[in-house]
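Here is a short report on a single protein chain. It goes from the whole fold to one sheet.

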Amino acid sequence: MDSYAESDVRALLESFGHGWGEISEVDAGGAMAASLLAIHMNASSPDHNVHIKVYLVAENDGTDLYRKMGSPERLRRLHERFVKIRSATEVASVTIRALQFDEARGLVLIMDRVRTVADMLATEDLAVLRAGAPRMLRDLDPTDSWYHMDICPQNVGRTDDGSFCFLDLESLYPMGSSVVVVSLLMTKYRAPHEVCLRVYAACRDKECLEPALASLFHAHQVSWLAAEMFLGCHLSQEDLLAIERLDPVNAAMWRSQFVEPMAKGAAPVPNELAVALEECLA
């Protein structure tokens, strides 16, 4: 590691647990700029399994996005936001175990390692996925204080007690005094095209979203994920538009919960969709 030595990371681990084994580097994928500016690692002790992310300070060369993502100013803002997330009780984020920021070396985030929905989709029985979809909707329902900009199978996890949480914490933004400030939008745009265009334009022009648009975008994303869990596979935008044909047994439910709201420019209501899915399972 160029910024933090392994001894620095191990000292942070020792601040909340003991008996740590090997710290192993893992490939987390992601965009090129993001992958060049982050090191991902896993570590385990008798009491904890954690994922470690080291955010590196960008060199002066590279693309504008690379320099912006790795600027000390952005890493400082991320650290401040992670501190808020760590103490927030109204948002379902993965548990943060330790944080350390140094303007010259970067930012270290240590959080619990949980099973991703992506892994569940790849390995879990459909019955388990379907049973978890309503719980996921309720756990990750947008609040009036926090909104996530990149909800997808890889960025949501299930804890040992069965609850669901957000993993990609740099995409989790708090409500400001009147708007949601989104300083660097990184998203897969899992929402209808017109909603994505509005989100993109607002973040490009003003670096912020009105609460109603942030909530709409969040609700579309979490509902999309619920549909993937209920059907047991990854879905495209085209799949969602044809979801009644993908699940003809529950076609009436999908029509009322997905197709009709989106035709009116609205999003599925997560709590109402959770109830509807439970009725399908009854």
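What percentage of the 282 residues of the protein chain count as buried? In this predicted model, 51% of them do.

**Overall fold**

The protein chain holds twelve helices and twelve strands. Its radius of gyration is 19 Å, close to the 19 Å that the globule rule gives for 282 residues, so the chain is as compact as a globular protein of that length. Contacts reach far along the sequence: of those between residues at least 6 apart, 64% join residues at least 24 apart.

The table lists values for the chain as a whole.

| Property of the protein chain | Value |
|---|---|
| Box filled by the C-alpha atoms, along the principal axes | roughly 55 × 45 × 30 Å |
| Accessible surface | about 13,100 Å² |
| Share of accessible surface from carbon and sulfur atoms | 50% |
| Distance between mean positions of positive and negative charges | 3 Å |

The charges behind that last value are 26 positive and 41 negative.

**A three-stranded sheet**

One open sheet has three strands in the order β6-β8-β9. Its pairing is antiparallel. Strands of a sheet pair through backbone hydrogen bonds. Which strands stand at the edges? They are β6 (115-116) and β9 (164-166). Each has a single partner strand, so one side of each is left without a neighbour in the sheet.

β8 covers residues 156-158. β6 and β8 pair in the antiparallel sense over two bridges. Within this pair, R115 stands opposite R158 of β8.

Definitions and conventions. Residues numbered from 1 in each chain as written. Predicted model: local features only at pLDDT ≥ 70, side-chain atom pairs only at ≥ 80, totals over all residues. Heavy atoms only, no water. Helix = DSSP H or I, 4+ residues; strand = E, 2+ residues; numbered from the N terminus. Rg over C-alpha atoms; globule rule 2.2 N^0.38 Å. Buried < 20%, exposed > 50% of the residue type's maximum accessible area, 1.4 Å probe, protein only. Contact = heavy atoms within 4.5 Å. Areas by Shrake-Rupley, 256 points an atom, 1.4 Å probe, with all protein chains shown as cover. Lys, Arg positive; Asp, Glu negative; His and termini not counted. Charge placed at Lys NZ, Arg CZ, Asp CG, Glu CD. Pairing = 2+ DSSP bridges.
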